[in-house]
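Please load the model in a viewer and keep a selection prompt at hand. The tour below proceeds by selections, and each stop states what is to be found there.

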Amino acid sequence: MNNNKPLFIASFMTLIAAGVGFGIRTKVLDYWGAQYGFTKFELGTITGGGLVGFGIVILLASLITDNVGYKPILLLAFILHVLSALITFAATPVFEAAGKGATYWCLYVGMFMFAVANGLCEAVINPLVATLYPHKKTHYLNILHAGWPGGLIIGGIVAAIYANMKESTEWLRWEIPMAVFLIPTLIYGYIVIKQKFPLSEAKSAGVSFGQMLMTFASPLLIFLLLLQACVGYVELGTDSWIASITESILEGQGEGQGLYLFIYASSIMFVLRFFAGPIVEKINPLGLLCISACFGAVGLYMIGTFEAAIYIWLAMTVYSLGKTFLWPTMLGVVGERFPKGGALTMGAMGGIGMLSAGLLGGPGIGYNQDYYATQKLESLSPDAYERYSAAEEKGFLFLPEIKGLNGQKVDVLKNDGEELDKAVAQLKAEGKTNENIETLNQWWQGAEEYAKEDQPEVKEAGIYGGRMALICTAFVPLFMAFGYLILVIYFYSKGGYKAEVLHGEEPVGEHYTGGVEGPVE
């Protein structure tokens, strides 16, 4: 019995779950900064930690996927997705009981566990889909990865509804929209429990683990891994921040435009990934990657420099066209050129991309925002910088340590202390104490008299920091474009790009396809 369809749906739903969680988190980050007092760098580290976990797990799980099988790994992922929700939702009680430091680790661990679950899924679904559809790997991997922007769209819409309702609905906490990712999680979990899974393409063909490892001796694969690290930085690293940055850039030109832009960009990705097959037939995958990287570089630079809303929307269109095909097409190229690598090479690609996004992309773009924002605010008003800077200096890699802007203080300034006054009044009415609120209120008593002078300067500094972070990031896809051009020239000199097949013949018949009569788990 052919069960390709339900297995593909389950794989698709794992990416929907990941995208929903990621999409909602892009908006929730603002509330975490305001509620718990995190800087941009700290928020970037929390989200980055999740991506690091994602990357490590993909690498480790890919070592055993072909032997352990697809089903046990997906079942473990399902359990961890559910547990991650419970830990993340404990953040507010932990903050009230133990303060900011403990809350940071609660969110970090929750995001890390969520990412571990995503990593286990990613280690399975790419080689699984390559096994299910061996004739059109690039095409179906692009369709599969339409699940990611599909989840981002759902998450973005939920986040937009939440943001609009939160002002008038005090009981609506950020934990409620975050829980939406559990819906696709339950769907894929149900399918995984019921269905039988095929053996991997490599295992069915009798490829040994040693032969899989030998694929990493290829300079071509090493170069592709380097480019995939850049893909992770520019796609997922930027996605962590793009809604927040564009929201600040367009403040005053329409409420919630940053989130709407995020949904719009995700919609472009979702639709176009269904048409990767026809596009690849016109130009080979490497040509598509080269063009995509060029669009990505131009789009990011445009977002960082344009002012008017209509031009920002145009810039976001260009950027979205650029990043749409990068990740799944890279997986397709590796699947086509290194089929003997099985889950190992697929996992290495996903793992390197996620590690780069987590260790470099999320924190790096957050650091750049802090760095340029502090430079700007210090030049505008050293006194304002002292009032709104964080207590501790933080560095990134070899870059200098800086005191970024405290998100909680900036939020108090933004709403003229109204929310803080409400929190203080509520504590008095209930006869309770809260060290964080009391400390913040004490600070505000001294800062309030300068608020009118500080507001435009702090706002300008934040926007400048976001713009410069995107302009710096634009150099990454520019480097990628040169890399892909080198590969295009290399394959042209070899007679053109061609997919490799196991045993030197086209994979036909039931032996290589999943969900059919033949070897199953």
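A residue is called buried when its relative accessible area is under 20%, exposed when that area is over 50%, and partly exposed in between. The model is a predicted one.

**First stop: a buried pair**

Select Arg273 and Glu235. Both Arg273 and Glu235 are buried by the cut-off just given. Their side chains meet in a salt bridge, with 3.6 Å from N to O. This pair joins distant parts of the chain: Arg273 sits in the loop between helix H14 (257–272) and helix H15 (276–282), whereas Glu235 belongs to helix H12, and 38 residues separate the two in sequence.

**Second stop: the largest cavity**

Keep Arg273 and Glu235 selected, as both belong to the lining of the largest cavity. To complete the lining, add Leu15, Ala18, Phe54, Glu122, His145, Trp148, Leu236, Trp327 and Met354. Helix H1 (4–36) and helix H12 (219–239) are the elements that give two or more residues to this lining. What is the make-up of the lining by class? It comprises 7 nonpolar, 1 polar and 3 charged residues. The space inside this cavity is about 120 Å³. In the model as a whole, the count of cavities of 30 Å³ or more comes to 7.

**Third stop: two further salt bridges**

Side chains of opposite charge can pair when their charged atoms come close. The model has 4 salt bridges by the rule applied here, and the pair at the first stop is one of them.

Select Arg467 and Glu307 next. The side chains of Arg467 and Glu307 form a salt bridge at 3.2 Å, N to O. Arg467 lies in helix H24 (residues 451–473), and Glu307 lies in the loop between helix H16 (285–305) and helix H17 (309–323); the partners are 160 residues apart and link distant parts of the chain. Are these partners buried or exposed? Arg467 counts as buried because its relative accessibility is 9%, while Glu307, at 54%, counts as exposed.

Now select Asp454 and Arg387. A salt bridge joins the side chains of Asp454 and Arg387, at 2.9 Å from N to O. Here too distant parts of the chain are linked: Asp454 is in helix H24 and Arg387 in helix H20 (residues 382–388), 67 residues apart. Asp454 and Arg387 are both buried.

**Fourth stop: Asp370**

Select Asp370, in helix H19 (residues 342–380). Asp370 has a relative accessible area of 6% and is therefore buried. Add Asn406 and display the C-alpha to C-alpha distance: Asp370 and Asn406 are 9.8 Å apart in space and 36 residues apart in sequence.

**Last stop: a nonpolar patch on the surface**

Switch to a surface display and select Ile56, Leu60, Leu63, Ile64, Val68, Phe209 and Leu213. Together these residues form a nonpolar surface patch with about 580 Å² of accessible area. Helix H2 (40–68) and helix H11 (209–214) are the elements that give two or more residues to the patch. Which of the elements supplies the largest share? H2 does, with 5 residues. To end the tour, centre the view on Phe209, which is found in helix H11. Phe209 is classed as partly exposed because its relative accessible area is 36%.

Definitions and conventions. Residues are numbered from 1 along each chain as its sequence is written. This is a predicted model: local features need pLDDT of at least 70, side-chain atom pairs count only at pLDDT 80 or more; totals for chains, interfaces and linings use all residues. Side-chain values use heavy atoms; hydrogens and water are left out. On a 1 Å grid over the protein atoms alone, a cavity is a set of points where a 1.4 Å probe fits but cannot get out, and a pocket is an open set with protein on both sides within 12 Å along at least five of seven lines; lining residues have an atom within 4 Å of a point. Grid points are joined across faces, edges and corners, and a volume is the space filled by probe spheres set on the points. Helices (H or I, at least four residues) and strands (E, at least two) are DSSP runs, numbered from the N terminus. Ala, Val, Leu, Ile, Met, Phe, Trp, Tyr, Cys and Pro count as nonpolar, Asp, Glu, Lys and Arg as charged, and the others, Gly among them, as polar. Patches are made of residues with over 30% relative accessible area and no salt bridge: like charges are joined within 9 Å, nonpolar side chains (Val, Leu, Ile, Met, Phe, Trp, Tyr) within 5 Å. Accessible areas come from the Shrake-Rupley method with a 1.4 Å probe; for residues, only the protein chains shown count as cover. Buried means under 20% relative accessible area, exposed over 50%, partly exposed in between (1.4 Å probe, protein chains only).
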